[in-house]
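Thanks for sharing this one with me. I have put my notes together as numbered points, so you can follow them with the model open beside you.

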Amino acid sequence: MKTHRPLFPDIDPERTLLIAGPCSAETETQLLDTARALAAQGVRIFRAGLWKPRTKPGGFEGVGAEGLAWMQRVRRETGMYTATEVATREHVAAALDAGIDLLWLGARTVSNPFAVQQIADALQGHDVPVLVKNPVSPDIDLWVGGIERLLNAGITRIGAVHRGFGAADRSGYRNPPQWAVPIELRRRMPELPLLCDPSHIGGRSELVAPLARQAMELGFDGVMVEVHCDPARAWSDAGQQLTPGQLQELTARLSPRRVADTSDGLAEMRLEIDRLDDQLVELLDRRMAVSRRIGRYKRDHAMPVLQSRRYEELLSRRTAEAEALGMAPEFMRSVLQAIHEESVRQQLSLPDDEPQPATAPRQRE
Ligand code: PEP
Ligand code: MN
């Protein structure tokens, strides 16, 4: 049970919370088309970024205040609550003036305590739900600190959104999940609604559903998912947005509690398999990252990539272990060979200038 006030009085906080909508509002037509498709499948909270924090200048930086009227139209015509990102006190004033129903603070904003405090000050005296995304770095205190600044400003409808963490190595996830960090947030603030944003973690549309399922398995309260009526032509984050149809497939499979309540044991076991496969993929991704580190070490010390004695040892030890557990040794041998082949491929194709995580200088606070 949550003792915080629910984000919205007519949305049951015990049910999976779903926020969906495009990364950015682009045109009135794009926004309305996407919103109508989502409302038709029962989505209650519609997201769209109006002010977009972009890594480099010159990209699409959002339509800005012009989109507020489009969001009002979404609300009027579909009945969905509207949500957008605010990064300055001017954004807060404009969004509140326009009656935007929910605000969120983005990862880059939460990385900067001055910016969070400025927003908290602007929110003082307003009763609006606010979500706080994790900061770019996996700094739990900075995340908790951001939430505390809003609590201190009198915001009582508040939630956290896990969107993964910046990493030098982006070949797997766009922002690796590092699940231990949101799990620690849940331990420190057990009453706080915790949502997952699988779109920004995955960075690729095919990773969104498995990440969302993994979050629900871990006990998250809901998800914020980027959905666009025509993802391939999106003006921002095109690779990670789902179509409304893909969202529907995802939500149909999202609620493990509901499946567990039925007597359908097969569905439960399939969910368990999906969860284990999710873990396998994440483990392989972590193993590849270590391989690349070893590859850089070998390169810097003029060692050959292939160390056949070490590989032989690894093969015989693991196949014996697998056999003792009842698996066919040939099976384990082919799994290890496939993994090894991919490790070697990655070690051979290391970019020359890739920074080394272990020795990269740390940012000062
Ligand atoms: C977004 O939600 O579109 C966004 C910019 O997210 P983040 O702050 O997590 O990068
Ligand atoms: Mn986005």
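What covers the buried residues of α13? I take that up in the first point; please keep in mind throughout that this is a predicted model.

1. **The cover over α13.** The elements covering the buried residues of α13 include α12 (265-300) and α14 (329-348). The helix itself runs over residues 308-324, 17 residues in total, and spans 24 Å from its first C-alpha to its last, close to the 24 Å expected at 1.5 Å a residue.

2. **The two sides of α13.** Tyr311, Leu314, Leu315, Thr319 and Ala322 are the buried residues here. Viewed down the axis of α13, they fall within an arc of 115 degrees, so they line one face of the helix. On the other side, Arg309, Arg310 and Ala324 are exposed. If you want a general reminder while turning the view, an α-helix has 3.6 residues a turn, so residues three or four places apart point the same way.

3. **Glu312, between the extremes.** Glu312 also sits in helix α13. With a relative accessible area of 45%, Glu312 is partly exposed; the cut-offs are under 20% for buried and over 50% for exposed. From Glu312 to Val335 there are 23 residues in sequence and 14 Å in space, C-alpha to C-alpha.

4. **Backbone on either flank of α13.** Have a look at Ala302, in the loop between α12 and α13. Its phi is near 50 degrees, a positive value in a residue other than glycine, and at 71% relative accessibility Ala302 counts as exposed. After α13 comes Gly326, again with a positive phi, near 95 degrees.

5. **The manganese site.** Which protein atoms are the donors of the manganese ion (ligand 2)? They are Cys23 (SG), His200 (NE2), Glu226 (OE) and Asp237 (OD), at 2.1 to 2.4 Å from the ion. Along the chain, these donors follow the spacing C-x176-H-x25-E-x10-D. Glu226 belongs to strand β8 (residues 222-226) and Asp237 to the loop between β8 and α10 (244-252), with eleven residues separating the two positions. Both Glu226 and Asp237 are buried.

6. **Asp237 in its own right.** This donor deserves a second look at its backbone: phi of Asp237 is near 50 degrees, a positive value in a residue other than glycine. The relative accessible area of Asp237 is 17%, and this residue is buried.

7. **Helix α10.** Is the side carrying Glu249 and Ala252 turned toward or away from the buried side of α10? That face is turned away from the buried side, and both residues are exposed. Pro244, Leu247 and Leu250 are buried in α10; seen down the axis of α10, its buried residues fall within an arc of 115 degrees, so they line one face of the helix. They pack against β1 (17-21), α1 (28-40), α9 and β8.

8. **Asp221 and its partner.** The loop between α9 and β8 holds Asp221. Asp221 counts as buried, at 10% relative accessibility. Its side chain makes a polar contact of 2.6 Å with the side chain of Arg186.

9. **Helix α5.** In α5 (residues 113-123), the buried residues are Ala115, Val116, Ile119, Ala120 and Leu123. Down the axis of α5, its buried residues fall within an arc of 135 degrees, so they too line one face of the helix. Their packing partners are α3 (89-97), β4 (102-105), α4 (107-110), β5 (130-133) and α6 (140-152). Both flanks are worth checking: Asn112 caps the N-terminal end of α5, with a side-chain oxygen 2.9 Å from the backbone nitrogen of Phe114, and just after α5, Gly125 takes a positive phi of about 85 degrees.

10. **The nonpolar cores.** The largest nonpolar core has 67 residues, and those touching the most other members are Phe46, Leu123, Trp143, Ile147, Leu150 and Leu185. Helix α9 (residues 205-217) gives the most to this core, with six residues. Apart from it lies another core of 14 residues, including Leu17, Ile45, Tyr81 and Leu102. As a general tendency, nonpolar side chains in soluble globular proteins are buried together.

Note on methods:
Residues are numbered from 1 along each chain as its sequence is written. Chains are lettered from A and ligands numbered from 1 in the order in which they are written. This is a predicted model: local features need pLDDT of at least 70, side-chain atom pairs count only at pLDDT 80 or more; totals for chains, interfaces and linings use all residues. Side-chain values use heavy atoms; hydrogens and water are left out. A nonpolar core is a set of buried Ala, Val, Leu, Ile, Met, Phe, Trp, Tyr and Cys residues joined through side-chain atoms within 4.5 Å. Buried means under 20% relative accessible area, exposed over 50%, partly exposed in between (1.4 Å probe, protein chains only). Helices (H or I, at least four residues) and strands (E, at least two) are DSSP runs, numbered from the N terminus. Donors are N, O and S atoms within 2.8 Å of the metal (3.2 Å for Na, K and Ca); water is not among the atoms, so sites may look incomplete. The expected span of a helix is 1.5 Å times one less than its number of residues. The arc is that of the directions from the helix axis to the C-beta atoms. Contact means heavy atoms within 4.5 Å. A polar contact is a pair of N or O atoms within 3.5 Å; within protein, one must be able to donate a hydrogen and the other to accept it, and residues adjacent in sequence count only if both atoms are side-chain atoms.
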